[in-house]
Amino acid sequence: MTDIKVGDIICFKGKGPVFTILSFLLSLCDSGWRKLKWKPWHMSILWQIDTLGCWIMEATAPWVLINYYFWDDLKSKTRFYHWLDEEPTRAKMDEFYNGHYEKAYDVVIYFWTSLQYLIRHFFNHRIPRLLDDRFTCWELASEFCDEMGKSWQSKYDCPMIVDFLKAVGEIK
């Protein structure tokens, strides 16, 4: 945890019944996902670091917040990814914060994302992302990277955790 920096994307290990079901369905369509031993699900943004832990911006029900996590809580259930080429300036971080903090969590997008993945897998075609002011954790991380100057996918595609994992080389 000594090599982390503000702006890193944090992936939390998946858990629970919803994750188990959706992960199983995803593994039917994606061999790379199926081969992963450590399967992340939740994504967040490393916002600020201190000696005991860090502040993380994340989209969870009911909205986008910044929460504090102790290092001991993060060690076994997260992985940090350096995606951005350089640490974002505080001005860029503040601008992102002002545009996203306390925006509503997007529950409806789960249906759209599932549909997007099925169409992508079976028809090799992408359907456009619904651009709105609600966010899932994947959407928030994708938009953050986009606004910080290094996208891992098109702004108009539904953000998928497998796309991020492919971009960082976790899935071949």
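Reader: Why does Ile21 count as exposed?

Author: The model here is a predicted one. In this model, Ile21 has a relative accessibility of 54%. The word exposed is kept for values over 50%, so Ile21 counts as exposed. Ile21 has its place in helix α1, which covers residues 16-29.

Reader: Which residues form a nonpolar patch on the surface?

Author: Ile21 belongs to that patch, along with Phe24, Leu25 and Leu28. Together these residues have about 420 Å² of accessible area. Nonpolar side chains are joined into a patch within 5 Å, and each residue needs over 30% relative accessible area. Ile21, at 54%, therefore passes that second test.

Reader: What makes Lys166 and Asp30 a salt bridge?

Author: The side chains of Lys166 and Asp30 meet with N and O 3.1 Å apart. The limit for a salt bridge is 4 Å, so the pair qualifies. Lys166 lies in helix α7, while Asp30 sits in the loop between α1 and α2 (31-35), so the pair ties together parts that are 136 residues apart in sequence.

Reader: Are Lys166 and Asp30 buried or exposed, and how do you know?

Author: Lys166 has 38% relative accessibility, so it counts as partly exposed, since that value falls between 20% and 50%. Asp30 has a relative accessible area of 6%. That is under the 20% limit, so Asp30 is buried.

Reader: How many salt bridges does the structure hold?

Author: The structure holds four. One of them joins Glu170 and Arg79, with the closest N and O atoms 3.3 Å apart. This pair links distant parts of the chain: Glu170 is in the segment after α7 and Arg79 is in strand β5 (residues 78-81), 91 residues apart. Glu170 is partly exposed at 29%, and Arg79 is partly exposed at 32%.

Another of the four is formed by Asp85 and Lys150, whose closest N and O atoms are 3.1 Å apart. Here too the pair links distant parts of the chain, with Asp85 in the loop between β5 and α4, and Lys150 in the loop between α6 and α7, 65 residues apart.

Reader: What makes Asp85 exposed?

Author: Asp85 has a relative accessible area of 65%. Because exposed means over 50%, Asp85 earns the word. Lys150, at 24%, counts as partly exposed.

Reader: Why are the buried residues of α4 said to be on the same side?

Author: The buried residues of helix α4 (residues 90-100) are Met93, Phe96 and His100. They cover an arc of only 65° around the axis, which puts them on the same side of α4. An α-helix has 3.6 residues a turn, so residues three or four places apart point the same way. On the other side of α4, Ala91, Glu95 and Asn98 are exposed.

Reader: What do the buried residues of α4 pack against?

Author: They pack against β2 (40-49), β3 (53-60), β4 (63-70) and α6 (137-147). Lys92 also has its place in α4. At 36% relative accessibility, Lys92 counts as partly exposed, and it touches Glu147 and Met148, leaving aside residues up to four places away in sequence.

Reader: What makes α6 mostly covered?

Author: Nine of the 11 residues of α6 are buried. Among them are Trp138, Leu140 and Phe144. Just after α6, Gly149 takes a positive phi of about 100°.

Reader: How do you know that β3 and β4 pair?

Author: Two strands pair if there are at least two bridges between them. β3 and β4 have eight, in the antiparallel sense, so they pass that test. A hairpin through two residues joins β3 to β4, and Glu58 stands opposite Leu65 in β4.

Reader: Why is Ser44 called buried?

Author: Ser44, in strand β2, has a relative accessible area of 1%. The limit for buried is under 20%, so Ser44 is buried. Leaving aside residues up to four places away in sequence, Ser44 touches several residues, including Ile10, Phe12 and Glu58.

Reader: And why does Asp163 count as buried?

Author: Asp163 has 11% relative accessibility. That is under 20%, so Asp163 counts as buried. Asp163 lies in helix α7 (residues 161-167). Again leaving aside residues up to four places away in sequence, Asp163 touches Arg120, Arg126, Trp152, Gln153 and Cys158.

Terms used
Residues numbered from 1 in each chain as written. Predicted model: local features only at pLDDT ≥ 70, side-chain atom pairs only at ≥ 80, totals over all residues. Heavy atoms only, no water. Buried < 20%, exposed > 50% of the residue type's maximum accessible area, 1.4 Å probe, protein only. Helix = DSSP H or I, 4+ residues; strand = E, 2+ residues; numbered from the N terminus. Arc of directions from axis to C-beta. Contact = heavy atoms within 4.5 Å. Patch = residues over 30% accessible without salt bridge, like charges linked within 9 Å, V, L, I, M, F, W, Y side chains within 5 Å. Areas by Shrake-Rupley, 256 points an atom, 1.4 Å probe, with all protein chains shown as cover.
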